[in-house]
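Reader: I am in my first year and still learning to read a structure like this one. Could you take me slowly through a single part, the buried interior, and show me what is packed together there and how charged side chains fit in?

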Amino acid sequence: MMAVEIARSSGWQAATEVGGTTPTGEPWRADVLAVKGNAKVAIEIQWSGQTNAETLRRQEQYRLSGIRGLWLLRQPGFPIVHDLPAACIGGSLADGFQALIPAHERMLARHRRLPESWRQALPMDAFLRAAFERRLGFLTPLEAVGENATIVVETAIADC
């Protein structure tokens, strides 16, 4: 599984179908649980439909358990909020999967075929690598004014 491989290559321990319970005794099961030191991240690959209320309920279970959740949802239209890190799954196994960052909460399933409709579209492996290397951030619409851009900063030592 791509998420496990990328987590491990980024220095995390990762396993699939890991279960646990919240401090109040509610059970949870993560598709992928990655651990690095004291940090824990659950990756949820939600291919089937799920209500926003259920997604938020499950995210709260992870939070209560000291785990950060990252959601990869096949269906768009999920809340765009700081407490729910999420991307829509676009593309296909044959063409390669993409992480689609929604422009708004009213995105529809048909928009998955139109990467230009999204705030950002990037290869899923690059998105997951950025997540495990702590290079993802949440911006409110007011902070994200202007054009979208991918920025790569490279440095080198030069003799002057």
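Author: A residue is called buried here when its relative accessible area is under 20%, exposed when it is over 50%, and partly exposed in between. Please keep in mind throughout that this is a predicted model.

With that word settled, we can begin at helix 1, which covers residues 2–9 and in which Ala3, Val4, Ile6 and Ala7 are buried. The buried residues of this helix pack against strand 1 (13–21), strand 2, strand 3 (39–46) and helix 3 (124–132). Just after helix 1 comes Gly11, which takes a positive phi of about 90°.

In soluble globular proteins, nonpolar side chains tend to be buried together. In this model the largest nonpolar core has 21 residues, and those with the most contacts inside it are Ile43, Leu70, Leu72, Met124, Phe127, Leu128 and Phe132. Two or more residues of this core come from each of helix 1, strand 2, strand 3, strand 4 (68–73), strand 5 and helix 3, and helix 3 gives the most, with five residues. If you would like one residue to follow with your eye, take Ile43, which touches Ala3, Asp31, Val32, Leu70, Leu72 and Phe132 when residues up to four places away in sequence are not counted. There is also a second, separate core of 14 residues, which includes Leu33, Ile67, Leu84 and Leu100.

One name among the contacts of Ile43 leads us to the charged side chains, namely Asp31, whose place is in strand 2 (residues 27–36). Asp31 is buried, and the nearest side chain of opposite charge, that of Arg58, is 5.5 Å away; because a salt bridge requires the nitrogen and the carboxyl oxygen to be within 4 Å, Asp31 has none. A polar atom of the Asp31 side chain does, however, lie 2.8 Å from the backbone nitrogen of Ile45. Leaving out residues up to four places away in sequence, Asp31 touches Ala15, Thr16, Glu17, Ile43, Glu44 and Ile45.

What, then, does Arg58 form a salt bridge with? Its partner is Glu44, and the closest N and O atoms of the two are 3.0 Å apart. Arg58 lies in helix 2 (residues 52–64) whereas Glu44 lies in strand 3, so the pair ties together parts that are 14 residues apart in sequence. Both partners are buried, Arg58 with a relative accessible area of 15% and Glu44 at 1% relative accessibility.

For contrast, look along helix 2 at two further pairs from the four salt bridges that a search of the whole structure finds. Glu54 forms a salt bridge with Arg57, with the closest N and O atoms 2.7 Å apart, and these two residues are separated by about one helical turn because they are three residues apart in helix 2. Glu54 is partly exposed, with a relative accessible area of 26%, and Arg57 is partly exposed as well, at 36%. In the other pair, Glu60 forms a salt bridge with Arg63, the closest N and O atoms being 2.5 Å apart, and here too the residues lie three apart in helix 2, about one turn of the helix. Glu60 is partly exposed, with a relative accessible area of 32%, while Arg63 counts as exposed at 51%.

Key: Residues are numbered from 1 along each chain as its sequence is written. This is a predicted model: local features need pLDDT of at least 70, side-chain atom pairs count only at pLDDT 80 or more; totals for chains, interfaces and linings use all residues. Side-chain values use heavy atoms; hydrogens and water are left out. Helices (H or I, at least four residues) and strands (E, at least two) are DSSP runs, numbered from the N terminus. Buried means under 20% relative accessible area, exposed over 50%, partly exposed in between (1.4 Å probe, protein chains only). Lys and Arg count as positive and Asp and Glu as negative; His and the chain ends are not counted. A polar contact is a pair of N or O atoms within 3.5 Å; within protein, one must be able to donate a hydrogen and the other to accept it, and residues adjacent in sequence count only if both atoms are side-chain atoms. Contact means heavy atoms within 4.5 Å. A nonpolar core is a set of buried Ala, Val, Leu, Ile, Met, Phe, Trp, Tyr and Cys residues joined through side-chain atoms within 4.5 Å.
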